[in-house]
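Q: Please take a close look at one part of this protein: the largest pocket and the elements around it. What lines the pocket, and how are those elements arranged?

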Amino acid sequence: MEQIKPNDPNGANFTARKVKDIVQPAKSISNKVSVKVALDEMQARAIDSSPVIDERGELLGTLSKNKMNRTVGGLGHDPKTEPVEAHIEKNSAYCFEDQTIAEAEQIMLKAKVGEVSVVTGEKLLVGAINMEAIAQKKTHGTFLASAIGRS
């Protein structure tokens, strides 16, 4: 059995495809809300982390539900008044929408995360990309051709 890559209508294979081709919408949290509001929002969405943006939509970093619970609760801060901005992980991994999918995959592998935010050149949040979407793109990008050439 031979693996054959189908012709891409755009003339590009997996390694040349751009992140913007498979980016998914991402809900974010404003940097101006309290820890309680952020935790409630994350609980309602059943997520453990979320991108944080400013009023322009610029990505500031990521919030972790577990980290906020530990630091706010552990230090005796009031989650209703504690600003979420103090708990943003500013060095979180992200990629640009015009990077290749292969580059985004490498960013995630290096950061040891399954999902990263996707931003424009001005760092405005566009969405997110995850390993599952990349794996699906790889799987659907090739097919097995066992019967080709047989009559």
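A: Here is the pocket, followed by the strands and helices.

This is a predicted model: local features need pLDDT of at least 70, side-chain atom pairs count only at pLDDT 80 or more, and totals for chains, interfaces and linings use all residues. Residues are numbered from 1 along each chain as its sequence is written, and side-chain values use heavy atoms, with hydrogens and water left out.

The largest pocket has a volume of about 540 Å³. A pocket here is an open set of points on a 1 Å grid over the protein atoms alone, where a 1.4 Å probe fits, with protein on both sides within 12 Å along at least five of seven lines. The volume is the space filled by probe spheres set on the points, which are joined across faces, edges and corners. Lining residues have an atom within 4 Å of a point. There are 23 of them, and Ser-49, Ser-50, Pro-51, Thr-62 and Glu-115 are the closest to the centre. The lining divides into 10 nonpolar, nine polar and four charged residues. Nonpolar covers Ala, Val, Leu, Ile, Met, Phe, Trp, Tyr, Cys and Pro; charged covers Asp, Glu, Lys and Arg; the others, Gly among them, are polar.

Four strands each supply at least two lining residues: β3 (49-53), β4 (59-64), β6 (115-119) and β7 (125-130). Strands (E, at least two residues) and helices (H or I, at least four) are DSSP runs, numbered from the N terminus.

Take β3. Four of its five residues are buried, so β3 is largely enclosed by the rest of the structure. Buried means under 20% relative accessible area, with a 1.4 Å probe and protein chains only. Strands pair if DSSP finds at least two bridges between them. β3 runs parallel to β2 (residues 29-30), joined by two bridges. Its pairing with β4 is antiparallel, over five bridges. Val-52 stands opposite Ile-29 on one side of the pairing and opposite Gly-61 in β4. Five residues lie between the strands of the β3-β4 hairpin, where Gly-57 takes a positive phi near 100°.

Now the helices. In α1 (residues 35-45), Val-35, Ala-38, Leu-39 and Met-42 are buried. Seen down the axis, the buried residues of α1 fall within an arc of 95°, so they line one face of the helix. The arc is that of the directions from the helix axis to the C-beta atoms. Just after α1, Ala-46 takes a positive phi of about 55°.

Lys-65 lies in α2 (residues 65-74). Lys-65 is buried, at 14% relative accessible area. Beyond its neighbours within four places in sequence, Lys-65 is in contact (heavy atoms within 4.5 Å) with Leu-39, Met-42, Gln-43, Ile-47 and Asp-48.

Notes: Buried means under 20% relative accessible area, exposed over 50%, partly exposed in between (1.4 Å probe, protein chains only).
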